[in-house]
Amino acid sequence: MVLRVPFRRWVLVNHRNPQPVHGGFYCLLPIQGRRVVAAVTRYQRSVQLEYKAFSIFVREYRDILGLGDNLIWTIRDDLVKWLDALVHNSFIRHSTPGVERCWYIKHMSQLYVFAPTMLLPQGLRASFEGIGRTTWILIRHGCKSWPIQVVDGVMRRGWREFRTSHAMTTNYKLILTCERKWIFNAIILDQNDVEVSYDWTMLLNEHWRELHGLQGNFVTAYQPSTIQQNLPLMKSGYWCMPQTIHLRDFQSRVQSVLEDLNLEVISVRMGNRTWSITVDNGHLNGAMFNQLLDALQLQLYDYVFITMLPNLDVRVVVLDATNDRERIYDWL
């Protein structure tokens, strides 16, 4: 057994010899211990670069990291994807399913916008070990991932890179959904509670984010561009509950969908419950909508995440304002 701890990132180490056989080494850095050479750069026909998995690494890690069969690349981007996958797979090797409740929210106040560290969401801190203990987590977003060191419930090394990569500013919100222990998927919301897209979250990356619900139930957030049928979908986003949520708020979010698709009914699902809301001339049935609100029992400053799936079902997750984590209902 070679892999004792996860890899936190990979680096390129250039060869010191001015006329090397190898152009350089791609190494994986573990959270503890010495770096491991994973791939080398070779010159083929004196000028053409070729990237090849290091033979010793392949022999020692093939079974535990799922290295694959095609281990020679002519395009560096293909090698980079492979290295990123190894970091993710190393975290899976040290993870188990679930960390209590699956959805967490963190508000970006002015205190955190330029700070090198950030507190974990309140509801997530209890899942981490006690004072002085260090844990590494992996936050995935689209096709990229960021290992982050957590000490005493505070995200430290790796957090600044994550924040700056996403250009997060005041009143942004970070949504974490637990995939495994300690792997999380992320959603970034802007000041208007609308999901922010980045180069690594677009369709060209061919990565859809699977957001886990409780007890194996899946809620998947799709952006409009990820649906092959080009169906207009409402944008994923959160509502902040000032006091109550009104039908007109929800109506405004789905208005373009109602008009373009001429829907007669919207099905709202949460866990094993479904609420059907009929549509008449582009307007939702108020009485049916109120049945949904009564069941959710929304409180002051709760957040409601809404996303529409390709089958036009609407999925809902409620985040409790008192502890920054998902509210658990009997039907979940």
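**A friendly look inside a predicted model**

Biologist: Is asparagine 323 buried or exposed?

Modeller: Keep in mind that this is a predicted model. A residue counts as buried when its relative accessibility is under 20%. Asparagine 323 has 18% relative accessibility, so asparagine 323 counts as buried.

Biologist: Where is asparagine 323 found, and which residues does it touch?

Modeller: Asparagine 323 lies in the loop between strand 21 (314-320) and strand 22 (325-326). Not counting residues up to four places away in sequence, its contacts are Gln122 and Gly123.

Biologist: Why are the buried residues of helix 1 on the same side?

Modeller: Helix 1 spans residues 55-65, and its buried residues are Phe57, Val58, Tyr61, Ile64 and Leu65. They sit on the same side of helix 1 because they cover an arc of only 155 degrees around the axis.

Biologist: Which exposed residues does the face turned away from that buried side carry?

Modeller: Let's stay with helix 1 and look at the face turned away from its buried side. The exposed residues there are Arg59 and Asp63.

Biologist: Which strand supplies the largest share of the largest nonpolar core?

Modeller: This core has 38 residues, and Ile137, Met155, Trp159, Phe162 and Leu174 touch the most other members. Several elements each supply at least two of its residues, among them strand 7 (103-107), helix 5 (159-165) and strand 13 (183-189). The largest share is five residues, and it comes from strand 13.

Biologist: How many residues are in the second, separate core?

Modeller: Its members include Trp10, Trp73, Leu83 and Trp136. The number of residues in this second core is 28.

Notes: Residues are numbered from 1 along each chain as its sequence is written. This is a predicted model: local features need pLDDT of at least 70, side-chain atom pairs count only at pLDDT 80 or more; totals for chains, interfaces and linings use all residues. Side-chain values use heavy atoms; hydrogens and water are left out. Helices (H or I, at least four residues) and strands (E, at least two) are DSSP runs, numbered from the N terminus. Buried means under 20% relative accessible area, exposed over 50%, partly exposed in between (1.4 Å probe, protein chains only). Contact means heavy atoms within 4.5 Å. The arc is that of the directions from the helix axis to the C-beta atoms. A nonpolar core is a set of buried Ala, Val, Leu, Ile, Met, Phe, Trp, Tyr and Cys residues joined through side-chain atoms within 4.5 Å.
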